[in-house]
Amino acid sequence: MGVRRLTPADKMYMTLNYSVLLLFCATALYPFIYFLALSFNDGYDAMKGGIYYFPRVFTLENYDKAFSNELILNSFYISIARTLVVTVASVFLTALLAYALSRKGLPGRKYIVFFFFFTTLFSGGLIPTFILFRQLHILDTFWVLVLPSLYSFFNAIIMKTFFDGIPDGLSESARIDGASELSVFARIILPLSMPVLATIALFVGVGVWNDWFTGQFFIQNENLQPAATFLNKMISEASFQSMTSSSGNSGSAIQNMTETQMELRGVTPEALRMTFVIIITTPIICVYPFLQKYFVKGVLVGSLKE
Amino acid sequence: MVPKGVVIPGFEQLKKNRKLNKIWNFRHIYLFLLPAIIWFLVFAYYPMYGIIIAFKDFKFNLGILGSPWEGFKYFEQFLNDSSFYDVLRNTLSISALKLIFGFPAPLILALMLNAVMHKKMKRVFQTISYLPHFVSWVVVVTLLQKILSPNVGLINDIRYQMGLDPIFFMGKPELFYPLVIISDIWKGIGWGSIIYLAALTNIDPHLYEAAEIDGAGRWSKLFKITLPCLIPTIGILLIFSLSGILNAGFDQIWLMQSPATLSVSEILDTYVLKTGLQQGQLAYSTAIGLFKSAISLLLIVAVNHISKRVSDVSLW
């Protein structure tokens, strides 16, 4: 861009642009600030209204109660365990798949790629998947939270594209020196691929952390509920209380929860929900900004080809 | 090179051996593929095989193969079911509205971000805009429900201060689509802008310099350089979102709908879940699911074919 003097029209346009963007960012952030304020405010005081961005009657009670409630804590343990296991396993397995697909001259590669690619175009759908889980006996076990989330062909393609960009010379010379495929993969490819591994780890990790569906429909044991599912049950219970009836979400766990929430004297169920939202969102806010540079590239690769 | 008609003893055998040799050389790679192949066979292909229960009177104790055939009974059943057409209409309406209002939003954001010269500011704006993408729909709907709650929610709180009566926003069918569109844009706009921002950085700056020398203003540069350069990107994204027209967004709709809004909010995916998992009509639900995925497959193949011919860009 040349050094051009800004005309008044330019200046006006810039000001307008900045104002709209600032307003936009405020809209993106505000709901979280609103919840943050409510989570640090006394629940009964909050019922009077008027809290918009800062707590009025400051308290740590909500967090105290949330962190001492066994059902809530347990749901976070499940989510943390699930996220760690799935992320580590999935990144490793996806990298293995991507490396294999990126090997030039692999006999039958076209057919192998199609075998995987077809699953992104067509799927068995909900009920056949449910029948599969039943036949595998993984319904209502920790496995149903792990196994179905291990692979995504989309992620494999992002990794493969990254591996394709690594010069062949390095791995070729290692192979000539007698290195096995496994050591080329582990000693040369993986160390050079940290950006893409981090990106996929983020995508997979956020995906399972946020997944409420599996816990809602494939898990009945309350002690195996992931946090996102727990939050969903909290909100359906809320709409159950405040309005007509819940949107068809099944009953028993909700009833139990109402009882646990009754025990939490001094804390309103609503304040607890606000607190829960803040707790479940915090890990995400702490991670994604640091990987921005990498995942932006990942998105572009994923949207390009194959 | 072997001239035609000349037979070298063992040549075919040699060729075969060479191929086998090559496969043998890649044996470790096939081993790397093995876990993925097993996983996709079990978790992706086995459910596809399970689709045949759409044509059967499925009983768990009889299994997929053992259950008696019913032919197209369930397809006839939903095609004769008037609520199926309501569901289809809702699905298409929501998708169409998302396309009309939601599709241009990331493009506009990208253009605005692109006009920010201050590098650091631009990065901060971007980071904030990605936040809603990374939180779960459960969180988004919780935020929405609280903000719109008749029970000291933000909006009704403000209305109360102004002396107005509270409104139960989430329970009004006529407000359901606007809320779906707004929350969808709120969640997806930043993430969607990434691809446009990249396309914008690929535009040759000389084009703008030349246009400036010719005295082009801000708007004529936008309409005569920027947008024409973005047409391929816009076209591809548009074409592929058209092929997803039967996906109205399961998570969002399921979490936002309530009995009061069911007449406008029931979509194919939520209907499949309710008839299948909640009412136990497994075969019927599978038939509807198959209807949906078959049409989606046809759409994406067709759309890819068109895109290949028109613009040379394709998915495969």
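# Worked exercises on a two-chain model

H137(A) is exposed, with 10 other C-beta atoms within 10 Å. Here a residue is called buried if 20 or more other C-beta atoms (placed from the backbone) lie within 10 Å of its own, exposed if there are 12 or fewer, and partly exposed in between. The model is predicted, so local features need pLDDT of at least 70 and side-chain atom pairs count only at pLDDT 80 or more, while totals for chains, interfaces and linings use all residues. Residues are numbered from 1 along each chain as its sequence is written, with chains lettered from A and ligands numbered from 1 in the order in which they are written.

## Exercise 1: Two unusual backbone angles

Locate H137(A) and V152(B), and state the phi of each.

**Solution.** Start with H137(A), which sits in the loop between α6 and α7 (143–146) of chain A. Helices are DSSP runs of H or I with at least four residues, strands are runs of E with at least two, and both are numbered from the N terminus. The phi of H137(A) is near 60°, a positive value in a residue other than glycine.

Now go to V152(B), found in the loop between α8 (137–148) and α9 (154–161) of chain B. Its phi is near 55°, again positive in a residue other than glycine. V152(B) counts as partly exposed because it has 18 C-beta neighbours inside 10 Å. As background, most residues other than glycine have a negative phi.

## Exercise 2: A covered helix

How many residues of helix α15 (residues 268–278) of chain B are buried, and what covers them?

**Solution.** First, count: eight of the eleven residues of α15(B) are buried, making the helix mostly covered. Next, name them: L268(B), D269(B), T270(B), Y271(B), V272(B), L273(B), T275(B) and G276(B). Then look around the helix. The cover includes α6 (126–136) of chain A, and from chain B it includes α5 (82–102), α13 (250–256) and α16 (282–311). Finally, step past the end of the helix, where G280(B) has a positive phi of about 75°.

## Exercise 3: The nonpolar cores

Which residues have the most contacts inside the largest nonpolar core, and which helix gives the largest share?

**Solution.** A nonpolar core is a set of buried Ala, Val, Leu, Ile, Met, Phe, Trp, Tyr and Cys residues joined through C-beta atoms within 7 Å. The largest has 105 residues, and Y99(A), M159(A) and L231(A) have the most contacts inside it. Helix α4 (residues 70–102) of chain A supplies the largest share, ten residues. Domain 1 (1–59) and domain 2 (61–306) of chain A each give this core at least three residues; the domain bounds come from an automatic or database assignment.

Now zoom in on M159(A). Setting aside neighbours within four places in sequence, M159(A) is in contact (C-beta atoms, placed from the backbone, within 7 Å) with T94(A), A95(A), A98(A), V196(A) and I200(A). Another core, of eleven residues, lies apart from the largest one; L21(A), A110(B), L113(B) and I189(B) are among its members.

## Exercise 4: Chain against chain

How many residues of chain A are in contact with chain B, and how do they divide by class?

**Solution.** The contact joins 74 residues of chain A to 70 residues of chain B. On the side of chain A, helix α1 (residues 8–39) of chain A gives the largest share, eleven residues. By class, that side has 49 nonpolar, 21 polar and four charged residues. Ala, Val, Leu, Ile, Met, Phe, Trp, Tyr, Cys and Pro count as nonpolar, Asp, Glu, Lys and Arg as charged, and the others, Gly among them, as polar.

## Exercise 5: The build of chain B

Is chain B a compact globule or more spread out?

**Solution.** Begin with the elements: chain B has 16 helices and zero strands. Its radius of gyration is 27 Å, well over the 20 Å that the globule rule gives for 316 residues, so chain B is more spread out than a compact globule. The radius is taken over C-alpha atoms, and the rule is 2.2 Å times the number of residues to the power 0.38. The C-alpha trace of chain B spans about 95 × 70 × 35 Å along its principal axes. Of its 316 residues, 31% count as buried.

One of the buried residues is T261(B), with 22 C-beta neighbours inside 10 Å. T261(B) lies in the loop between α13 and α14 (262–265) of chain B. Not counting residues up to four places away in sequence, T261(B) touches G171(B), P173(B) and F176(B). A separation of 61 Å lies between the C-alpha atoms of T261(B) and K22(B), which are 239 residues apart along the chain.

Definitions and conventions. Contact = placed C-beta atoms within 7 Å.
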